[in-house]
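Got the viewer open? Then let's take a walk through this structure, one selection at a time.

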Amino acid sequence: MDKQKYTGVWTALITPFTDDNKIDYIALKKIIEHQIEGGVTGILVIGTTGESPSLSSTECCELISKAKEYIKGRCLLMAGCGTNCTENTLKKTAAACNSQPDCLLVVNPYYNKPTQKGLYLHFKTVA
């Protein structure tokens, strides 16, 4: 892995919504264009800044796919997949990988307070 490829500025995007609570893909495209024009190395979708707890599995998959389409290889794409449940993280990771992001964001299981061994097993299982 070329670690240098992942250095630089990464922006954790919000997920814009329409008035009827649907993802606003027109606004998302504008936000992505603005970030690319600013020279970011990469963009993170579906992090906690991107309302990850509020999005359905279908919305997450669509959002990653649309972001990949809008980026067109001009910067890197990171998809948030982490949850406080290893099984759910595995499902989200598998679904995200279908859209081929450049990398994934997998977080420590929150609220559960796993031991160091539990953290190791969580990440080992996901990897």
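Start by selecting Lys113. At 76% relative accessibility, Lys113 counts as exposed, since the cut-off for that label is over 50%. To see where you are, look at the loop between strand S4 (103-105) and helix H4 (116-126), because that is where Lys113 belongs. One more thing to check while you're here is the backbone: Lys113 has a positive phi of about 55° although it is not a glycine. Keep in mind as you go that this is a predicted model.

Next, jump to Ile46. Which sign does the phi of Ile46 have? It is positive, near 65°, and here too the residue is something other than glycine. You'll find Ile46 in the loop between strand S2 (42-45) and helix H2 (57-71). Is Ile46 buried or exposed? Its relative accessibility is 3%, so Ile46 counts as buried.

Now bring up two helices together, H1 (residues 25-37) and H2. Two packed helices are described by the angle between their axes and the distance between the axes. For H1 and H2, the angle is about 45° and the axes are 10 Å apart. H1 and H2 are therefore oblique to each other, and their crossing is right-handed. To light up the contact, select Tyr25, Leu28, Lys29, Ile32, Glu33 and Ile36 on the H1 side. On the H2 side, add Glu59, Glu62, Leu63, Lys66, Ala67, Tyr70 and Ile71. Try colouring that set by type: eight of these contact residues are nonpolar, five are charged and none is polar.

Move on to strand S3 (residues 76-80) and pick out Ala79 there. How accessible is Ala79? Its relative accessibility is 0%, so Ala79 counts as buried. Show its surroundings next: leaving aside residues up to four places away in sequence, Ala79 touches Leu44, Val45, Ile64, Ala96, Pro101, Cys103, Leu104 and Leu105. If you'd like to try the distance tool, pick the C-alpha atoms of Ala79 and Ile14: they are separated by 13 Å, while the two residues sit 65 residues apart along the chain.

From there, go to helix H3 (residues 86-97) and select Thr93. Thr93 counts as buried, because its relative accessibility is 9% and the label applies under 20%. Which residues does Thr93 touch? With residues up to four places away in sequence left out, the answer is Cys81, Leu104 and Val126. You have already met Leu104, which is among the residues that Ala79 touches.

Finish with the aromatic rings. How many aromatic pairs does a search of the whole structure find? There are two. A pair of aromatic rings is described by the distance of the centres and the angle of the planes. Select Tyr6 and Trp10 to see a stacked pair, at 6.3 Å centre to centre with 15° between the planes. Tyr6 is partly exposed at 24% relative accessibility, and Trp10 is partly exposed at 23%.

Then swap to Tyr110 and Tyr111. Their ring centres are 5.4 Å apart and their planes are at 85°, so this pair is edge-to-face. Tyr110 is partly exposed, with a relative accessible area of 36%, whereas Tyr111, at 77% relative accessibility, counts as exposed.

Conventions
Residues numbered from 1 in each chain as written. Predicted model: local features only at pLDDT ≥ 70, side-chain atom pairs only at ≥ 80, totals over all residues. Heavy atoms only, no water. Helix = DSSP H or I, 4+ residues; strand = E, 2+ residues; numbered from the N terminus. Buried < 20%, exposed > 50% of the residue type's maximum accessible area, 1.4 Å probe, protein only. Axes fitted to C-alpha atoms, helices over the stretch in contact; angles between N-to-C directions. Parallel < 35°, antiparallel > 145°, perpendicular 65-115°, else oblique. Left-handed = near helix turned anticlockwise from the far one by under 90°. Contact = heavy atoms within 4.5 Å. Nonpolar A, V, L, I, M, F, W, Y, C, P; charged D, E, K, R; others polar. Phe/Tyr/Trp six-rings, centres within 6.5 Å; stacked < 30°, edge-to-face > 60°.
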